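Colleague: I have a construct to look at and would like to go through the fold with you. Can you put it up?

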Amino acid sequence: MHTWEDFLKAGKVRGLSPLRLEMLQKELASSLKHLENPDYFGRRLPFAEHWRLFEQYRPQTAYLDIETIGSTWPHLSVTVIGLYDGRGFRQFILGENLADFPEVIRNYQILVTFNGSQFDLPVLATFFNGWRFQQTQIDLRFVLARLGIKGGLKRIERQFGLERPLDVAGLDGYDAVLLWQRYQRGDQSALETLRRYNREDVINLERLMERAYELSCQRVLAPLAQ
């Protein structure tokens with residue numbers, strides 16, 4: 001058998017009882033029927049296995065990162081939201097167009113973040129008064145950790161050979177807070193630097209997701225090659 005359709009046609013499979021085969025064929029038929037709906041699989045797969053959805057649903061995937069100010073998590077003020085879908089990049093800025101974000105994000109079915117399940121998404125839910133994300137989430141922090149790749153986003157980027165432009169290469173989350181404060185005092189250039197910093201955070205997520213997917217596939221298939 002080379003395809004799932006071959007499996008559906010099988011009258012018997014070595015190692016499977018007739019009852020087990022019938023159950024698996026029923027589940028597979030239902031999966032094929034819902035192939036255009038990633039949420040169907042997101043609700044059935046454990047959170048740690050959501051990476052498996054990436055290749056099939058890449059056109060419906062968005063990469064997200066936020067910048068914040070404040071000290072009481074998750075009650076933080078969101079200053080910048082960066083959103084990238086592999087084709088176009090958008091930013092939502094506090095005091096400009098931040099209120100547009102909940103409507104725009106509805107266009108996507110998969111969200112890729114780095115530590116977003118622990119930070120970005122809870123903060124956004126609180127900031128937008130309990131608004132809930134409907135998308136299936138892939139948190140690269142945990143996908144990469146299962147591959148033995150740990151640390152902060154910038155450190156992991158360097159491990160994969162990703163270099164940032166010099167003007168934002170040394171910046172971190174604390175610098176993002178300081179840049180926003182400078183902007184609030186009238187320094188427009190500080191906002192431009194903050195936007196470039198956020199853009200790098202978001203754009204690089206796509207390349208990390210590609211590598212994480214490739215390495216995760218290799219990890220799964222390695223026992224079969226032995």
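Colleague: Which residues is M209 in contact with, leaving aside its neighbours within four places in sequence?

Modeller: This is a predicted model, to begin with. In it, M209 is in contact with W51, F54, Y63, V112, I138 and L140, once the neighbours within four places in sequence are set aside.

Colleague: And which residues touch the most other members of the largest nonpolar core?

Modeller: M209 is one of them, together with Y63, F114, I138, L140 and L144. That core has 26 residues.

Colleague: Which elements give two or more residues to this core?

Modeller: The helices are α3 (38-42), α6 (140-146), α7 (153-159) and α9 (188-225), and β4 (110-113) also contributes at that level. The largest share comes from α9, with 7 residues.

Colleague: What about a second core, how many residues does it have?

Modeller: It has 20 residues and is separate. L98, F101, L121 and F128 are among them.

Colleague: Switching to charges. Where does D120 sit, and is it buried or exposed?

Modeller: D120 is in helix α5, which covers residues 120-127. The side chain is buried, as D120 falls under 20% relative accessible area.

Colleague: What is the nearest side chain of opposite charge?

Modeller: R141, at 9.4 Å. D120 has no salt bridge, because one would need a side-chain nitrogen of Lys or Arg within 4 Å of a carboxyl oxygen.

Colleague: Then which backbone nitrogen lies 3.0 Å from a polar atom of the D120 side chain?

Modeller: The one of I66. I66 also appears in the contact list of D120, along with L64, D65, F114 and N115, again leaving aside neighbours within four places in sequence.

Colleague: N115 caught my eye. What is its phi?

Modeller: Positive, about 65°, although N115 is not a glycine. N115 is found in the loop between β4 and α5.

Colleague: Which loop holds N129, and what is the phi there?

Modeller: N129 is in the loop between α5 and β5 (136-139). Its phi is positive too, at about 55°, and N129 is not a glycine either.

Colleague: Is N129 buried or exposed?

Modeller: Exposed, because its relative accessible area is 73% and the cut-off is over 50%.

Colleague: Last one. Which peptide bond is cis?

Modeller: The bond from W73 to P74, with omega near 0°. P74 is found in the loop between β1 (61-69) and β2 (77-84).

Methods
Residues are numbered from 1 along each chain as its sequence is written. This is a predicted model: local features need pLDDT of at least 70, side-chain atom pairs count only at pLDDT 80 or more; totals for chains, interfaces and linings use all residues. Side-chain values use heavy atoms; hydrogens and water are left out. A nonpolar core is a set of buried Ala, Val, Leu, Ile, Met, Phe, Trp, Tyr and Cys residues joined through side-chain atoms within 4.5 Å. Buried means under 20% relative accessible area, exposed over 50%, partly exposed in between (1.4 Å probe, protein chains only). Helices (H or I, at least four residues) and strands (E, at least two) are DSSP runs, numbered from the N terminus. Contact means heavy atoms within 4.5 Å. Lys and Arg count as positive and Asp and Glu as negative; His and the chain ends are not counted. A polar contact is a pair of N or O atoms within 3.5 Å; within protein, one must be able to donate a hydrogen and the other to accept it, and residues adjacent in sequence count only if both atoms are side-chain atoms.
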